Amino acid sequence: MKNYLFLIFAFSLAIMMGLTSCEGKDGSIGPEGPAGPTGQTGEGTQNCVLCHGSSQLIAAKQFQWEHSVHATGGHYERNQTSCAGCHTSQGFLERIETMSDQGVTAADIEDPLPQNCYTCHQIHRTYTAADWAFTQEDPVTLWEGGQTVDLGKANLCISCHQSRVVSPALPDPSTGGLVNIQTTRYGPHHGPQGVMLPGLNGYEVAGPQPYENSAHTLLLANNTSKACIVCHMGTAQATESGGHTFRVISEGGDINTDACVACHPVAADVEALVEDRQAQIEEKIAELEQLLADRGLYDIAKGQNSKGDYTGHEAGALYNLKFVEEDKSRGVHNFKYAYALLTNSIAALQ
Ligand code: HEC
Ligand code: HEC
Ligand code: HEC
Ligand code: HEC
Ligand code: HEC
Ligand code: HEC
């Protein structure tokens, strides 16, 4: 409530400043006003009304966003140089401007903000509808693996939702080798969805399952499909899912099947498909966790690996486990690839 009052206050103040700067001759107060007929007091503010008027344009999106994990997750406190490029709004804008190596910011970000309207849209740059353009739409060269991926509008998402560089690196699965792991959080970090959807960079050890991709890769991982946005920003179901909540599944567990209907016309069918595939992935995850635990490499309760020497296949199996777990869709993004990584890792450890 306090926030709203403040915003209303700030907004009225800015409108007044807008008025002044539009009628003034030198334009020295506030940001340069929008282009508009000159000489008549207040004409310029018509551009403000384009977005801030009585329409729901902004209000509905704000309300949805407030219920998204981007707003509520709380991890924007990760404002250190190596984290802020994905975890804070300011850090992200700095890194896409400077294109710094691995997204490291020059300094810790003060007063960090989570991903918000300004992170993704070019708000208040022209004061026209062009401000809705994204801040980042270029194809993304993945930090881990180095391939360039082009998901069109969803390049925005995968600028952050990609693996971080794993250290130490994994050996080539066909040659093997020892890996000395000195962290209990070995793996691709928490948001590798942009790598899972196109089916890249798992530890592809040979085994019973071929490395293939699911239909979603072909249909939804290309530069005309909108990729992530199709499923995660489907028709908004109030603040439960869809739109700027960025959720496919509500906190109560309901799938926003409106986002799937173009390809899966029967809601009950796609719900059953998700349940079936997620159950298969969960079973494989449990099996692989147990195998790693049996070797003293994994603490199932803590979800952490142990430090020390691993064979290449052990480290690769651990990486694959983390990759599929951290993707969090449990097979929806790219079932065949996730299933093959787990199944072949299990076979390699047996
Ligand atoms: C293209 C759409 C658009 C136009 C045009 C626009 N704004 Fe905004 N404005 C936004 C958005 C989006 C936000 C961020 C809302 C949020 O953070 O929830 C915002 C936020 C604000 C805020 C809140 C403080 C801040 O900076 O975050 C003020 C004040 C404001 N705008 C004033 C103006 C004024 C004055 C004009 C006209 C000169 C204007 N805006 C034109 C979209 C627009
Ligand atoms: C600036 C980096 C950045 C961008 C751009 C970004 N995200 Fe995120 N996203 C994050 C971070 C960081 C989190 C975790 C936030 C937290 O926990 O505080 C997150 C959380 C999420 C979540 C919730 C995850 C969960 O565990 O519940 C979803 C879903 C999501 N993002 C989807 C998207 C989509 C879709 C896009 C593109 C339209 C996108 N994100 C763009 C960084 C980003
Ligand atoms: C390449 C972008 C990127 C970088 C760099 C990054 N993160 Fe993240 N991080 C994410 C995304 C995206 C998520 C949300 C993933 C999700 O929920 O699926 C996330 C989630 C997290 C979470 C929440 C995990 C969970 O499961 O709830 C923590 C904690 C975290 N990051 C810590 C860090 C720390 C510490 C650093 C710096 C050492 C860092 N991150 C650097 C993208 C990044
Ligand atoms: C994580 C990135 C992200 C954030 C944060 C975000 N948006 Fe968006 N926004 C998008 C994407 C992606 C689309 C395009 C969706 C599509 O194409 O279906 C979009 C579309 C829009 C549109 C429609 C634009 C048009 O061209 O008609 C509006 C309006 C909008 N967003 C407002 C907001 C407001 C207001 C906020 C802050 C409360 C916000 N967005 C925060 C990613 C974001
Ligand atoms: C085919 C539809 C689809 C596409 C395309 C898609 N997702 Fe998902 N995503 C899902 C579903 C369904 C879940 C699982 C939700 C659950 O079970 O909790 C999910 C889970 C997630 C999660 C974990 C948090 C959550 O909401 O459960 C994140 C983060 C995420 N996806 C980001 C992305 C990103 C980034 C992309 C683009 C690279 C993407 N997704 C593409 C459907 C999709
Ligand atoms: C652009 C079209 C498209 C969209 C959008 C789409 N899917 Fe799919 N999906 C397919 C196709 C094609 C298949 C493969 C045929 C089948 O198994 O029915 C598939 C397969 C699946 C599978 C099984 C994966 C496998 O390889 O066995 C799941 C689970 C799934 N979709 C869930 C979803 C969910 C949930 C959504 C919406 C949030 C969604 N899909 C949106 C096209 C799409």
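Trainee: In which helix does E271 lie?
Mentor: A word first: this is a predicted model, in which local features need pLDDT of at least 70, side-chain atom pairs count only at pLDDT 80 or more, and totals for chains, interfaces and linings use all residues. Residues are numbered from 1 along each chain as its sequence is written, chains are lettered from A and ligands numbered from 1 in the order in which they are written, and side-chain values use heavy atoms, leaving out hydrogens and water. Helices (H or I, at least four residues) and strands (E, at least two) are DSSP runs numbered from the N terminus. The run that covers residues 267-294 holds E271, and its name is helix α12.

Trainee: Is E271 buried, partly exposed or exposed?
Mentor: Buried means under 20% relative accessible area, exposed over 50%, and partly exposed in between (1.4 Å probe, protein chains only). E271 has 36% relative accessibility, so it counts as partly exposed.

Trainee: Which residues gather with E271 in a patch of negative charge?
Mentor: A patch joins like charges within 9 Å, or nonpolar side chains (Val, Leu, Ile, Met, Phe, Trp, Tyr) within 5 Å, using residues with over 30% relative accessible area and no salt bridge. Asp and Glu count as negative, Lys and Arg as positive, and His and the chain ends are not counted; each charge is placed at NZ of Lys, CZ of Arg, CG of Asp or CD of Glu. On the surface, E271 gathers with E240, E251, D254 and E275.

Trainee: Staying in helix α12, how far along the helix are E287 and K284 separated?
Mentor: Their side chains meet in a salt bridge of 4.0 Å, N to O (a Lys or Arg side-chain nitrogen within 4 Å of an Asp or Glu carboxyl oxygen). E287 is partly exposed at 32% relative accessibility, while K284 is buried at 15%. Because they are three residues apart in helix α12, the separation is about one helical turn.

Trainee: Which residue forms a salt bridge with E325?
Mentor: E325 counts as partly exposed, at 25% relative accessibility. The partner sits three residues away in helix α13, so about one helical turn separates the two. The partner is buried, with a relative accessible area of 9%. With 4.0 Å between the closest N and O atoms, the partner of E325 is K322.

Trainee: How many residues apart are E314 and R295?
Mentor: The side chains of E314 and R295 meet in a salt bridge of 2.8 Å, N to O. This pair links distant parts of the chain: E314 is in helix α13 and R295 in the loop between α12 and β4 (298-299), making them 19 residues apart.

Trainee: What is the relative accessibility of L318?
Mentor: L318 has its place in helix α13, residues 312-327. Leaving aside neighbours within four places in sequence, it is in contact (heavy atoms within 4.5 Å) with I181, Y186, L292, Y298, N305 and Y310. L318 counts as buried because its relative accessibility is 1%.

Trainee: What distance separates the C-alpha atoms of L318 and S345?
Mentor: Along the chain, L318 and S345 are 27 residues apart. In space, their C-alpha atoms are separated by 8.5 Å.

Trainee: And for the whole chain, what percentage of residues count as buried?
Mentor: The chain has 14 helices and six strands, and the whole structure has six salt bridges. Among contacts between residues at least 6 apart in sequence, 60% join residues at least 24 apart. Of the chain's 350 residues, the part counted as buried is 38%.

Terms used: Areas by Shrake-Rupley, 256 points an atom, 1.4 Å probe, with all protein chains shown as cover.
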